[in-house]
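Today I opened a new notebook page on the empty spaces inside a protein. I wanted to go through them one by one and write down what surrounds each.

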Amino acid sequence: MTPEKVLDALRNVQEPDLGKDIVTLNMVKDIVISGNMVSFTVVLTTPACPMKDMIGRACENAVKLLVNKEAIVKVNFTANTSTNRQDPGAVLPKVKNIIAVISGKGGVGKSTVSANLALALAQNGAKVGLMDADIYGPSVPIMFGVRGERPMMKSMGEGQKGMIVPLERFGIKLMSIGLLVDEKNAVIWRGPMASSAIRQFVTDVLWDELDYLVIDMPPGTGDIHLTLVQTVPVTGAVIVTTPQDVALADAKKAIGMFSQAQIKVPIIGLVENMSYFVPAELPDNKYYIFGKEGGKRLAEEYDIPFLGQIPLVQSIREGGDMGIPIMMSDDTITRQAFEEFAANATRSIAMRNANVSAAKVAEVID
């Protein structure tokens, strides 16, 4: 065995999402050969890569089939999260991907989806932050059990302004207006004030190095959405809907907003929440309370990736109210649904980063 022969064999292993072999993509590093032992490192596009096991098996099979059938193959994995930010600039310079989770209307479980997407990404080894941009109805403090806690300020040195240090919970960084304002007080702000708060969450919070910053957007298509895309280069948007026609009609508006030529934010995909009800005592039964597969049909209509279906389960609500999101529980049905959704979102982001031109701050015509 030689490194050259091993590399030639690995040219037959495709990265399934990017459509090229892992050698051409420069994903193979540090080949070490000793007798029948061979080890090498595959550099993934994200720590949360859902195809890792499949790629590992394909590498082992390629070496044994094409180089040495007696080979003992050890495949190591590391990750260099892909990004399409060619010049990070001054805004969130250490954040590789910014994901806006949006819906056309309230009540579709967008905050639940945002929270559990962030947790699913983090549990696969990614560095993740969650920004609650819903100024008028912040949910993060309740859902993560940090009600009443306040973030600290950190001095950045002489002559520099202090930065807000986000709270950390379950391995992810959190920021919400609910951590700065008493929850008994309503936030009665006009649009410019709310937009100013979002800009501060971007520029005055010490997010540091992140693979993914998930932003839980408010419902609708208003000032805060425009402010966000004008302030930061958003990698893409995840659309959240429920199956019924009323929600789908508003989801179309959200898709339409982010598809406009002057905004140019790619749609990562659409996830259907509350797809069906599953009672805990009858886990094999599905009741389609809000209709069936409306989100899937909408994704097909607009030719955007369909990221998955999240069931309506009592434990999701209970976990959110108790400050322990479902991804931190033992509920296997719902955890699996969120894991599959996060895996599909991760794949879609990697493909967008490989094929879409560099994300730039949108120039919105007011």
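What volume does the second largest cavity have? I looked this up in a model that is predicted, and the volume of the second largest cavity came out at about 40 Å³.

I then noted its lining, which is made up of Thr112, Asn116, Met143, Ile316, Gly320, Pro325 and Ile326. Two elements, helix H3 (110-123) and helix H9 (314-322), each give two or more residues to this lining. When I sorted the lining of the second largest cavity by class, I found 4 nonpolar and 3 polar residues, with no charged ones.

Next I checked how many cavities reach 30 Å³ or more, and the count is 2.

I turned to the largest cavity, for which I wrote down a volume of about 50 Å³. Its lining holds Glu15, Asp17, Thr45, Thr46, Cys49, Pro50 and Met51, together with Thr346, Arg347 and Ala350. Helix H10 (residues 332-355) gives the most to this lining, with 3 residues. By class, I entered 4 nonpolar, 3 polar and 3 charged residues for the largest cavity.

Where does the largest cavity lie with respect to domain 1 and domain 2? I noted that it lies between them, because domain 1 (3-79) and domain 2 (95-355) both give residues to its lining.

For my last entry I set the two linings side by side: charged residues number 3 in the lining of the largest cavity, while the lining of the second largest cavity has no charged residues.

Key: Residues are numbered from 1 along each chain as its sequence is written. This is a predicted model: local features need pLDDT of at least 70, side-chain atom pairs count only at pLDDT 80 or more; totals for chains, interfaces and linings use all residues. Side-chain values use heavy atoms; hydrogens and water are left out. On a 1 Å grid over the protein atoms alone, a cavity is a set of points where a 1.4 Å probe fits but cannot get out, and a pocket is an open set with protein on both sides within 12 Å along at least five of seven lines; lining residues have an atom within 4 Å of a point. Grid points are joined across faces, edges and corners, and a volume is the space filled by probe spheres set on the points. Helices (H or I, at least four residues) and strands (E, at least two) are DSSP runs, numbered from the N terminus. Ala, Val, Leu, Ile, Met, Phe, Trp, Tyr, Cys and Pro count as nonpolar, Asp, Glu, Lys and Arg as charged, and the others, Gly among them, as polar. Domain bounds come from an automatic or database domain assignment.
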